[in-house]
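Student: Could we go through this model together, one question at a time? I'd like the cut-offs spelled out as we go.

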Amino acid sequence: SVSPAAERLRYILGEDDELPNPTLFTEMDTLQHDGEEMEWKESARWIKFEEKVEEGGERWSKPHVSTLSLHSLFELRTCLQTGTVLLDLDGYSLPQIIDDVIERQIEDGLLKPELRDKISYVLLRKHRHQTKKPIHRSLADIGKSVSSNTARSPVRSPAAGAAFHRSTEDLRMRQSASYGRLRHAQSRSMNDISDTPSTDQLKNKFIKKIPKDAEASNVLVGEVEFLEKPFVAFVRLLQATMLGGVTEVPVPTRFLFILLGPAGKAKSYNEIGRAIATLMVDDLFSDVAYKARDREDLIAGIDEFLDEVIVLPPGEWDPNIRIEPPKKVPSADKRKSVFSLNEVGQMNGTAGGAGAGGGGGGSDDGEMPEVHEIGEELAWTGRFCGGLYLDIKRKLPWFPSDFYEGFHIQSISAILFIYLGCITNAITFGGLLGDATDNYQGVMESFLGTAMAGSMFCLFAGQPLIILSSTGPILIFEKLLFDFSKGNGIDYMEFRLWIGLHSALQCLILVATDASFIIKYITRFTEEGFSTLISFIFIYDAIKKMIGAFKYYPINSDFKPDYVTMYKCECVAPDPANASSPAAAAPGPGNATNASLSNALNLTALDWTQLSKKECLRYGGALVGKSCPFVPDLALMSFILFFGTYSMTLTLKKFKFSRYFPTKVRAFIADFSNVFSILIFCGVDACFGLDTPKLHIPSIIK
């Protein structure tokens with residue numbers, strides 16, 4: 001038999017062809033009180049093994065194997081069951097992350113709304129990291145406190161703070177007075193943490209021991225007087241983000257664990273913090289933390305950790321003894337290999353116990369596949385159309401949500417962006433295809449083909465957020481195919497049809513034989529190579545069109561404002577003897593029309609000076625004057641629109657990191673940055689009314 005926790009982890013960690021997760025550097029900070037003053041002090045750190053700040057706070061201990069109490073692991077499990085778990089939070093600053101966590105706690109009924117500002121105030125206090133002389137305050141801090149308008153008590157070390165012990169009631173009164181002054185303050189104004197790494201962080205030599213691609217997990221534990229029950233949150237950020245002075249070294253943070261509780265249980269909170277920190281540097285649990293889809297996956301990771309824990313009797317071992325790291329660390333591959341979908345061996349810890357029983361509680365929601373379902377997947381793999389059957393089976397339960405979740409505000413911004421990407425791409429490459437194939441495939445064919453193929457793909461492929469249209473390699477292929485057909489007397493459209501049918505047949509064979517598994521033997525280099533090629537083609541095409549605009553609409557550098565009186569342009573009537581020749585010689589399908597108009601007119605009775613430029617040329621007249629070849633600086637205007645749209649898009653994308661407006665407004669502006677930029681500069685173009693080059697969309701289907 002297989003424990004439910006192990007079965008869930010097998011489902012999570014079954015894909016063994018992904019890139020390894022980054023190394024995690026974990027830091028635990030504890031909340032220190034000194035009267036009205038509070039700060040977060042670094043107390044321990046982990047890369048693989050634990051290092052503690054020795055009593056007295058002057059040096060680090062040697063790395064040692066973490067020893068945890070079994071009770072702290074069970075309490076941690078309870079914290080994750082009852083607390084807030086936010087996975088893939090789009091966070092960019094500590095105040096915004098804390099705002100989102102508090103908002104979720106209030107929505108779930110775990111926190112009273114009136115405690116919002118107090119929690120924010122506590123979590124945004126300064127972090128003091130372990131340096132050479134952490135007890136002594138720097139001259140800059142002393143000067144800052146002296147110049148402050150309000151007298152502030154100096155922050156003492158824990159040893160010095162013991163001499164100034166105050167009663168619990170006195171501490172509560174002082175904290176209440178401090179919080180009352182900040183009741184209406186916003187999180188950002190409360191922030192006492194620098195947004196960028198300090199000089200001490202950048203000069204910290206400990207960074208040399210951390211791998212370059214490492215990410216950080218920060219553990220914050222402490223006790224406060226105003227809480228009646230613990231405030232617990234586990235956060236996994238969508239992308240690792242630099243949180244300024246939170247971490248000892250300038251490493252981007254990916255995970256954040258917060259535990260604030262009522263006063264009187266500081267030792268218990270510290271042990272829970274050490275438990276989650278030790279789990280985060282465990283090879284197996286860190287993979288679970290990166291790939292977890294919900295809180296049940298995290299609890300399953302703890303249960304599996306408990307299955308492998310060895311308990312030492314308290315009376316036969318001194319917990320103060322530190323276990324030195326082994327000379328050769330055992331490889332975690334053996335533990336991870338058990339969770340591969342290809343493994344059918346039994347899992348560890350099937351004798352029951354608290355871990356297995358706790359994990360069983362996580363499988364009641366019906367999302368966890370049972371053992372026979374895994375066996376069914378293995379049975380279908382390799383069969384004719386087996387992969388297609390499994391894809392449909394996995395996708396079908398989520399098919400309706402793909403539609404109603406599309407009305408989320410961020411989905412709408414992505415839809416508008418992809419719509420603009422598809423339509424402009426189809427029109428641009430449609431024009432290029434028309435030039436390459438004598439309009440056998442033009443704008444309208446590209447337009448309709450993209451719409452129909454894209455709709456079918458989005459409905460049945462399970463990847464709606466993708467841009468489908470012609471690209472540079474397709475354009476080259478179509479041009480070579482047309483030239484080949486033309487040179488060998490082959491009907492291009494018929495030849496193109498058979499190529500399409502042959503491609504469709506190849507795709508059906510690949511699907512039926514489940515040949516897509518070959519992709520596991522292909523590196524990312526192939527995909528990134530094609531992506532780079534397509535990106536360069538788009539960038540090159542944009543710059544090429546911009547340079548072409550300067551050639552077609554040259555800047556009027558010869559214009560002299562002082563000689564404006566000499567500039568004129570007149571329409572002169574043609575020579576009556578050659579009146580019909582200009583019209584007859586005019587190119588295009590309107591030769592006969594122009595000739596008939598010219599012959600029908602009484603050229604001597606027509607007032608040629610009142611005709612426009614187009615009418616003059618239409619009736620066979622001639623333009624005479626220095627200002628006749630003048631055109632507005634359309635190329636310069638096009639460049640302003642081109643560069644302005646690009647610059648505004650980048651600026652608005654970064655707007656969510658600014659200090660203006662609430663978080664939701666900044667996020668909304670950043671999500672719709674492309675749409676706003678295009679609309680604004682289309683409006684600028686319309687206001688000037690210049691005939692700048694634009695994409696011409698056909699008005700009829702033919």
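Student: Which residues have the most contacts inside the largest nonpolar core?

Tutor: This is a predicted model, so local features need pLDDT of at least 70 and side-chain atom pairs count only at pLDDT 80 or more, while totals for chains, interfaces and linings use all residues. Residues are numbered from 1 along each chain as its sequence is written, and side-chain values use heavy atoms, with hydrogens and water left out. A nonpolar core here is a set of buried Ala, Val, Leu, Ile, Met, Phe, Trp, Tyr and Cys residues joined through side-chain atoms within 4.5 Å, and buried means under 20% relative accessible area with a 1.4 Å probe, protein chains only. The largest such core has 33 residues, and those with the most contacts inside it are L76, F234, F257, I276, M280, F285 and L298.

Student: Which helix gives the most to this core?

Tutor: Helices are DSSP runs of H or I, at least four residues, and strands are runs of E, at least two, both numbered from the N terminus. With seven residues, the top contributor is helix 10 (residues 266-280).

Student: What is M280 in contact with, leaving aside its neighbours within four places in sequence?

Tutor: Contact means heavy atoms within 4.5 Å. M280 is among the residues with the most contacts inside the core. Its partners beyond those neighbours are L24, T26, S217, F234, F255, F285, S286 and A289.

Student: Is T278 in helix 10 buried or exposed?

Tutor: T278 is found in helix 10, and away from its sequence neighbours it is in contact with W46, S66 and L68. Its relative accessible area is 12%, so T278 is buried.

Student: How do helix 2 and helix 10 sit relative to each other, and what is the angle?

Tutor: Axes are lines fitted to C-alpha atoms over the stretch in contact, and angles run from 0 to 180 degrees between N-to-C directions. The axes of helix 2 (residues 70-82) and helix 10 come within 9 Å and cross at roughly 80 degrees. Since 65 to 115 degrees counts as roughly perpendicular, helix 2 is roughly perpendicular to helix 10.

Student: Which residues of helix 10 meet helix 2?

Tutor: On the helix 2 side, the contact is made by S72, L73, E75, L76 and C79. Across from them, the helix 10 residues are S268, E271, I272, A275, I276 and L279.

Student: And which way does helix 11 run against helix 12?

Tutor: Helix 11 (residues 283-291) and helix 12 (residues 295-308) pack at about 170 degrees, with their axes 9 Å apart. Angles over 145 degrees count as roughly antiparallel. That makes the pair roughly antiparallel.

Student: Why is strand 1 largely enclosed by the rest of the structure?

Tutor: Strand 1 covers residues 24-34. It is largely enclosed because the buried ones among its eleven residues number nine.

Student: How many bridges join strand 1 to strand 2?

Tutor: Two strands pair if DSSP finds at least two bridges between them. Strand 1 pairs in the parallel sense with strand 6 (residues 215-224) over seven bridges. With strand 2 (residues 37-46) it runs antiparallel, and Q32 stands opposite E39 there. The number of bridges joining strand 1 to strand 2 is nine.

Student: What is the phi of G35 in the turn of that hairpin?

Tutor: Strand 1 and strand 2 form a hairpin with two residues between them. G35 in the turn has a positive phi, about 70 degrees.

Conventions:
Buried means under 20% relative accessible area, exposed over 50%, partly exposed in between (1.4 Å probe, protein chains only). Angles under 35 degrees count as roughly parallel, over 145 as roughly antiparallel, 65 to 115 as roughly perpendicular and the rest as oblique.
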